[in-house]
Every structure is written in structure tokens, then in C-alpha cells.
Amino acid sequence: MKTLLKTVSATALALAASTGMAVAQDDQLKIGMTFQEMNNPYFVSMQEALMEAASAIGAEVVVTNAGHDVAKQISDVEDMLQQDIDILLLNPTDSAGIESAVRMAKEAGVIVVAVDANANGPVDTFVGSKNRDAGYMSCQYLAEAMGGEGEVAILDGIPVIPILQRVEGCKAALDEAPGITLVDTQNGRQDRSVALGVVENMIQAHPNLGGIFSVNDGGAMGALAAIQGSGKDIKLTSVDGAPEAVAAIAQGTPFIETTAQFPRDQVRVGLGMALAQYWGARVVPSEVPIDVRVVDAENAAGFSW
């Protein structure tokens, strides 16, 4: 899958490179990207990949951090439009709330590609992980690791579409394991410190808890600290594939699995889709789903974003 994604990305960037004379003759291509947050290695790696790809084609990049504030994200898009961006790569902090910014960008003639999470409104293309698959795979792994029996809890997060899909997939997997009982769902806001307190309360409230699924690795690291502090045998799975999570899995902690996404490939493919349309492609996919991958003790040592 990674080979295929690199091929797609390289093809799109080669298209842009082949039209380098057009860039030289016209104003420099300007790409704007607004992130829902940057206090997360997942989005940091995505930004790094964007800057590398943009540098390869001589494009200027404007990057903003919404800090999970949709009003700020809308304002950031307005500022980018004032700077005459040609392409907007949008990582929405609120899929519904950002719709007005999407419409403003399209009215200004800007190509809009949503990355990682989709957005309401006339988005040209959405590139994101198969999040329902990720939740399903992680909770299937958890149920099997528990021998198909016991109590589990879900450490939920901010209600954006990818998180909702992960929870949906998780519940579908748990429903297939009749010996597994879902006893609690609490919101850890995908934040380590918040998740720590939430999971401590979960463990106190459910003395027979045997497993926890976290919707992201940031929350999972807080959950791991709570589990280790309790001294109990509680298995933990998650979604993302963050370096810290992969290291914890490789070390043999209660964190036994994360279903990895590929943030670098997502932004490369997203930019490729935008460039294809910018350079005149008549048909561009409305959605490009990116596969996910189970990372556990067997393959953690060799995995990285």
C-alpha cells in the first residue's frame, strides 16, 4: 500500500514539475493548509511532508493552526484567501462548522481538498484514512487478545467524523464477540492528561475491566499511565501509529496494538489531487481512502510514519 501511495504522490508531483515553466511565467503557486491542531506528532509529520512536497515544485506554503477552535480556523482561511492562495488543504477541527470557509474558498476560485477529516460543503476531494476499518481492526484485535471474554471500555474523543467512524467500527467488532461486554464510554478529548484522569475513574468504577480502546494514541498514552498506575491487567489498543505508541508496544507494556494511519501519504496524495485539478484534470476523485495497518509487538520495531 505504501508503494502505491508513493507512486500516486510521485505521479502528481511529476505532473506539477513538468509544468514548471508555467509556474515560472505566472505568479508562484501558493498553497494554504490549516490544521485542526499542531500539538500532535501526527500533524507535525503531515506538515513536514507537505513542506517537502511543496519545495520540490517551488510552491509557497502558508500553514495555520486552529487549536481546535473552528472560529479561528474560519478566520485563518479568510486570511489565506486575502493572500491569494491557489489551493487550500483543509484539516477541519469541526466538519460541519467549517462549511462557511469551504464555500468562501470555492467562491474565490480556490481548489479545496480535505485531508484526514472531511468537511461539509463543496470540497473537491477528500483524502483520509479508512477510519471505520481502523476502529474495527483495533477492537477485533482487543477482543481476540482477551480471549473473547471480559469487560471493555471506549476512550472516546472530539466528535469529528473520523473519531465517530472509529467508534462505530470498534462497536461493530465488539458486537461480533458475544463474550465481550462494553461497560463504559468516556470522552478523553484525545488528550493525554485528560485521558489519564478519565481512565483512572473508569478503572475505579469497573473493577473487572479487562480492555480499553482509545480513539487515538495521544489519549492512549494517558490511558497507559492510568493502567500502569493501577497495577491491573488491562489491555489497551488504539489508532494512529504514533512513534511513542509504537515504542510502548515494542516494549511489551499493556499497550498491545495501534492501527496505524499514514499522515505523510495522506497529505502527499491530497496535494497531488489538488495539483491534478490545478493543472487541468477534468476528472478528480471525490474521495481517496487510504488503507490502515495493524501494528503490534511483531512488527512495531520496524514501523514508522
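## The largest pocket

Let's start with a hollow: the largest pocket holds about 370 Å³ of space. Keep in mind as you look around that this is a predicted model. Which residues sit closest to the centre of that pocket? Of the 18 residues in its lining, they are Asn39, Asn40, Gln190, Arg192 and Gly218.

Two helices, H9 (217-230) and H10 (243-250), each bring at least two residues to the lining of the largest pocket. H9 has the largest share, with three residues. And what kinds of residues make up the lining of this pocket? They split into seven charged, six polar and five nonpolar.

## The largest cavity

Now for a space that is closed off. The count of cavities of 30 Å³ or more comes to one. About 150 Å³ of space lies in the largest cavity, and 15 residues line it. Closest to its centre are Phe43, Asp116, Ile163, Arg166 and Gln190. You've met Gln190 already: it is also among the residues closest to the centre of the largest pocket.

Helix H3 (41-56) and helix H7 each supply at least two residues of the cavity lining. Which helix gives the most to this lining? That's H7, with three residues. By type, the lining of the largest cavity has six nonpolar, five polar and four charged residues.

## The disulfide

Time for some chemistry. A disulfide is a covalent bond between the sulfur atoms of two cysteines. How many disulfides does this structure hold? Just one, formed by Cys139 and Cys170, with their sulfur atoms 2.0 Å apart.

Find Cys139 in helix H6 (residues 131-145) and Cys170 in helix H7 (residues 161-175); because of where they lie, the pair ties together parts that are 31 residues apart in sequence. So H7, which gives three residues to the lining of the largest cavity, also holds one end of the disulfide. The bond has a handedness too: the torsion about the S-S bond of Cys139 and Cys170 is about -85°, so this disulfide is left-handed.

## Two helices side by side

Finally, look at helix H4 (residues 70-82) and helix H5 (residues 99-107). They pack at an angle of about 10°, and their axes are 9 Å apart. Why call them roughly parallel? Angles under 35 degrees count as roughly parallel, so with an angle of about 10°, H4 is roughly parallel to H5.

Which residues make the contact? On the H4 side they are Ile74, Val77, Glu78 and Leu81, and on the H5 side Ser100, Ala101, Met104 and Ala105. Sorted by type, the residues of this contact come to six nonpolar, one polar and one charged.

Methods. Residues are numbered from 1 along each chain as its sequence is written. This is a predicted model: local features need pLDDT of at least 70, side-chain atom pairs count only at pLDDT 80 or more; totals for chains, interfaces and linings use all residues. Side-chain values use heavy atoms; hydrogens and water are left out. Axes are lines fitted to C-alpha atoms, for helices over the stretch in contact, and angles run from 0 to 180 degrees between N-to-C directions. Helices (H or I, at least four residues) and strands (E, at least two) are DSSP runs, numbered from the N terminus. Angles under 35 degrees count as roughly parallel, over 145 as roughly antiparallel, 65 to 115 as roughly perpendicular and the rest as oblique. Contact means heavy atoms within 4.5 Å. Ala, Val, Leu, Ile, Met, Phe, Trp, Tyr, Cys and Pro count as nonpolar, Asp, Glu, Lys and Arg as charged, and the others, Gly among them, as polar. On a 1 Å grid over the protein atoms alone, a cavity is a set of points where a 1.4 Å probe fits but cannot get out, and a pocket is an open set with protein on both sides within 12 Å along at least five of seven lines; lining residues have an atom within 4 Å of a point. Grid points are joined across faces, edges and corners, and a volume is the space filled by probe spheres set on the points. A disulfide is a pair of cysteine sulfur atoms within 2.5 Å.
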